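Take a slow walk through this protein model with me, one region at a time. Keep the 3D view open and turn it as you read.

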Amino acid sequence: MGQPNPVAVLDKAVAILRAVADEPATLADLVTRTGLPRATAHRLAVALEGHRLVRRTDTGSWAPGPALAELGRGSADLGEVAGRYLTTLRDVTGESAQFYVRDGATRVCVAAAERASGLRDTVPVGARLPMTAGSAAHALLAFTPVDEVNRLLPNASFTARTLLDVRRRGWAHSVAEREAGVASLSAPVRDGSGAVLGAVSISGPVERLGRRPSPEVVGAVLDAAAAISRAAR
């Protein structure tokens with residue numbers, strides 16, 4: 001058998017993107033709109049979902065994903081928007097603040113505001129961290145379709161119950177998942193359609209952030225997430 005034609009595969013992937021552009025599509029809809037075999041349509045849709053180019057709606061249909069908007073305006077622009085609010089979040093909470101976007105099985109820090117002195121958790125802009133540990137990973141995965149989450153859970157430091165709790169309360173907290181002695185608190189940032197664009201996060205020593213974050217700190221992170229959401233629209 002010959003090797004798959006990469007251009008033909010790309011054409012089929014673009015057909016999937018066009019098929020969901022105007023309205024969400026079930027798998028049957030994708031087959032009808034693209035003319036692709038059912039197995040091919042499903043395989044490509046799942047692959048595009050992994051890159052956040054399509055997303056699942058609450059009913060399980062596929063719709064345009066947040067990465068399309070990010071590509072349209074550039075991750076740098078999204079990072080610049082987030083950065084304006086991270087400085088305030090850092091000053092209010094006294095902890096390092098970051099903004100992450102998901103890229104497949106990793107999350108990328110696209111903006112950060114570090115403490116000027118004292119113990120701090122430094123995550124440089126451009127750093128890639130796994131989607132299997134840390135509160136930012138919780139916040140990004142909690143609103144991801146179950147089948148995609150299930151592929152990551154076997155290697156994760158958290159469980160499906162953790163993600164259910166995040167969905168219920170709207171924010172995530174972790175202690176020593178990514179690094180010993182470090183705690184973090186995160187909240188999802190959404191676009192106008194409700195799709196998750198990224199996660200705003202603060203991180204620092206457990207001794208300061210605590211194993212149970214204070215309502216004031218939780219409120220500050222949620223306020224920052226809401227402000228970035230509004231500014232990114």
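Find Phe143 and look at what lies above its ring: in this predicted model, the charged end of Arg190 sits there, 4.3 Å from the ring's centre. There's a second arrangement of this kind to look for, at Tyr100. Here the charged end belongs to Arg107, and it sits over the Tyr100 ring, 4.7 Å from the centre. So much for charges over rings; what about rings with rings? How many aromatic pairs does a search of the whole structure find? The answer is zero.

Stay with Tyr100 for a moment, as it leads us into the sheet. Opposite Tyr100 stands Ala199, a residue of strand E8. Strand E8 covers residues 196-205, and its antiparallel pairing with strand E3, residues 96-103, runs over five bridges. Zoom out and you'll see an open sheet built from six strands, in the order E5-E4-E3-E8-E7-E6, with antiparallel pairing. Which strands stand at the edges? They are E5 (128-130) and E6 (172-175); each has a single partner strand, so one side of each is left without a neighbour in the sheet. The sheet isn't flat like a board either: on average, neighbouring strands are turned by 30° against each other, if you ignore direction.

Now go back to Phe143, which also turns up in the lining of the largest pocket. Phe143 is one of the residues nearest the pocket's centre, along with Arg55, Arg56, Thr144 and Pro145, and the whole lining counts 22 residues. The space inside this pocket comes to about 510 Å³. Strand E1 (54-56) and helix H7 (146-152) each supply at least two lining residues, and E1 gives the most, with three. What's the lining of the pocket made of? You'll find nine charged residues, eight nonpolar and five polar.

A pocket is open, but there's also an enclosed space to hunt for. Searching the whole structure turns up one cavity of 30 Å³ or more, and its volume is about 100 Å³. Seventeen residues line this cavity, and the closest to its centre are Gly134, Ser135, Ser174, Arg178 and Ser184. Two or more lining residues come from each of E3, helix H6 (135-141), strand E7 (182-190) and E8. The largest share, four residues, comes from E7. In the lining of this cavity, eight residues are polar, five are nonpolar and four are charged.

How values were computed: Residues numbered from 1 in each chain as written. Predicted model: local features only at pLDDT ≥ 70, side-chain atom pairs only at ≥ 80, totals over all residues. Heavy atoms only, no water. Pairing = 2+ DSSP bridges. Axes fitted to C-alpha atoms, helices over the stretch in contact; angles between N-to-C directions. Phe/Tyr/Trp six-rings, centres within 6.5 Å; stacked < 30°, edge-to-face > 60°. Lys NZ or Arg CZ within 6 Å of the ring centre and 35° of its normal. 1 Å grid on protein atoms, 1.4 Å probe; cavity = no way out; pocket = protein on both sides within 12 Å on 5 of 7 lines; lining within 4 Å. Points joined across faces, edges and corners; volume = space filled by probe spheres on them. Nonpolar A, V, L, I, M, F, W, Y, C, P; charged D, E, K, R; others polar.
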